[in-house]
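Dear colleague,

I am handing over the structure below, together with an account of what was found in it. Please look through it at your leisure and read the notes that follow alongside it.

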Amino acid sequence: MDFQDYKGVWVFIEVNDGSISPVSLELLGAGRRLADKRGVELAGVLIGEKIKRLVATIFEYGADIAYVFDQPIFKHYRTESFMKALLQCSNKYKPEIILFGATSTGKDLASAIATDLPTGLTADTTELDVEEETGLLLASRPAFGGNIMATILCKKYRPQMATVRAKVMKALTPESGKTGKIVEEICLLKEEDIRTKVLEIVKATTKKVRIDEADIIVAGGKGLGSQEGFQLIHELANVLGGTVGASRDVVEAGWIEHHHQVGQTGVTVTPKIYFAIGISGAIQHIVGMKNSGLIIAINSDKDAPIFQACHCGIVGDAFKVVPLLIEQFQQALLREEVHHGGKI
Ligand code: FAD
């Protein structure tokens, strides 16, 4: 394999309900940085039906090139069809790096492509860099239960591939009116070639809480003692208009559903304010919330590791501290309400 043949950084652009997924925009930001360091072009790969209108956004968020497959066969995501298109494009233009969001679609597609090429794939990456001279992608992720960060290299194959968690990379500020080169591709694929058929899409009836979009998260841990004790977290979150987060032990105890879990095997969050109440501060939890704007920890153990990761710490019993906070916040909100003539 001659590595000289492989040039450029690519981002697979994921489209959901007609819009580009935020993680793809974040990856364009990360990809731009890698491409600049290497002195190569950044491309976005768009696959779908009636998606040409999204090309402008890709350019505004940093891409130089957009590879576009706009065909009815790509109306719904299916592993086989998307894989064929991306493989065709990758074999033709030979990028050195391809990045995917670590979403269910991104993980599914990246693993299928890596197997077929074949090449290496680093899953669930949280940091990305590239060696300027060799072009070796340095994809880092927590390993061994989150106790160390491992930097994984793919020395023998190209392209190098990684899936990257949402919310860990920063999207660029969009540059309005920025344009680039559009390369339209056609995949000669017939419906009968694809074994998977999408018969119906049934949307989940219960609305899942998106803790990764919350500005304020009140997260509780095993220190709350029981599901009843955990209600205190809901009460504080209610008063603040925040969203409830939890440690894995709380989720495993069945006090709350998994999509509230923050951390390595949960969601990565970056709210403006993060309360960690009765949470010890295990590394697997910290990796999921360390980039929050203001971290406030409440723990009865002054030596709890969470106090090494917070901006503001209160050593005390959550059942004494949190009711006081709720009272104070309620009073402050009432004062605001009076001050603003009934509006908060
Ligand atoms: P504990 O560690 O039991 O801590 C409870 C804390 O509450 C203690 O610090 C205690 O001092 C304090 N406390 C007790 N009573 C009170 C009180 N009355 N008032 C105030 N404080 C009190 N964990 C995650 O959270 N997210 C993950 O995504 C995740 N992924 C993992 C992946 C792997 C591969 C592994 C091995 C582990 C993972 N974990 C994860 C688990 C993690 O290692 C910890 O076990 C977990 O985070 C601990 O949860 P906790 O802090 O709620 O409980």
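To begin with the ligand, a polar backbone atom of Arg248 is 2.9 Å from an oxygen atom of the ligand; please bear in mind throughout that this is a predicted model. Two further contacts involve the backbone: a backbone N or O atom of Lys222 lies 2.7 Å from an oxygen atom of the ligand, and for Gly266 the corresponding distance from a backbone N or O atom to a ligand oxygen is 3.3 Å. Of the 990 Å² of accessible area that the ligand has on its own, the protein covers 75%. Helix H6 (248–252), helix H7 (283–286) and helix H9 (318–339) are the elements that give two or more residues to the shell around the ligand.

Which residues come nearest to the ligand, of the 26 around it? They are Lys222, Ser247, Thr265, Ser280 and Asn299, so that Lys222 appears here as well as among the backbone contacts described above. By character, the residues of the shell divide into 16 polar, 5 nonpolar and 5 charged.

Turning to the salt bridges, the structure holds 15 of them, and I describe a few here. In one of them, Arg32 pairs with Asp36, and the closest N and O atoms are 2.9 Å apart. These two residues both belong to helix H1 (residues 22–38), where, because they stand 4 residues apart, about one helical turn separates them. Arg32 is buried, its relative accessible area being 15%.

A second salt bridge, between Asp212 and Arg210, has an N to O distance of 2.7 Å. Is Asp212 buried or exposed? Asp212 is buried, with a relative accessible area of 13%, whereas its partner Arg210 is partly exposed at 47%. Salt bridges can also share partners, and in this way Arg32, Asp36 and Asp64 are joined into one network.

A third salt bridge links Glu191 with Lys197, where the closest N and O atoms are 3.3 Å apart. Glu191 counts as partly exposed, at 35% relative accessibility, and Lys197 is likewise partly exposed, with a relative accessible area of 41%.

The backbone also has some features that you may wish to find in the model. Where does the cis peptide bond that leads from Leu117 to Pro118 occur, with its omega near -15°? Pro118 is found in the loop between helix H4 (104–116) and strand E7 (121–125). Another cis peptide bond joins Arg158 and Pro159, with an omega of about -5°, and Pro159 sits in the loop between strand E10 (148–152) and strand E11 (160–164).

Two residues have a positive phi although neither is a glycine. For Asp124 the phi is about 60°, and this residue has its place in strand E7. For Lys167 the phi is about 75°; Lys167 lies in the loop between E11 and strand E12 (181–185), and it is partly exposed, with a relative accessible area of 27%.

With kind regards

Note on methods: Residues are numbered from 1 along each chain as its sequence is written. This is a predicted model: local features need pLDDT of at least 70, side-chain atom pairs count only at pLDDT 80 or more; totals for chains, interfaces and linings use all residues. Side-chain values use heavy atoms; hydrogens and water are left out. A salt bridge is a side-chain nitrogen of Lys or Arg within 4 Å of a carboxyl oxygen of Asp or Glu. Buried means under 20% relative accessible area, exposed over 50%, partly exposed in between (1.4 Å probe, protein chains only). A residue is near a molecule or strand if one of its heavy atoms lies within 4 Å of it. A polar contact is a pair of N or O atoms within 3.5 Å; within protein, one must be able to donate a hydrogen and the other to accept it, and residues adjacent in sequence count only if both atoms are side-chain atoms. Accessible areas come from the Shrake-Rupley method with a 1.4 Å probe; for residues, only the protein chains shown count as cover. Ala, Val, Leu, Ile, Met, Phe, Trp, Tyr, Cys and Pro count as nonpolar, Asp, Glu, Lys and Arg as charged, and the others, Gly among them, as polar.
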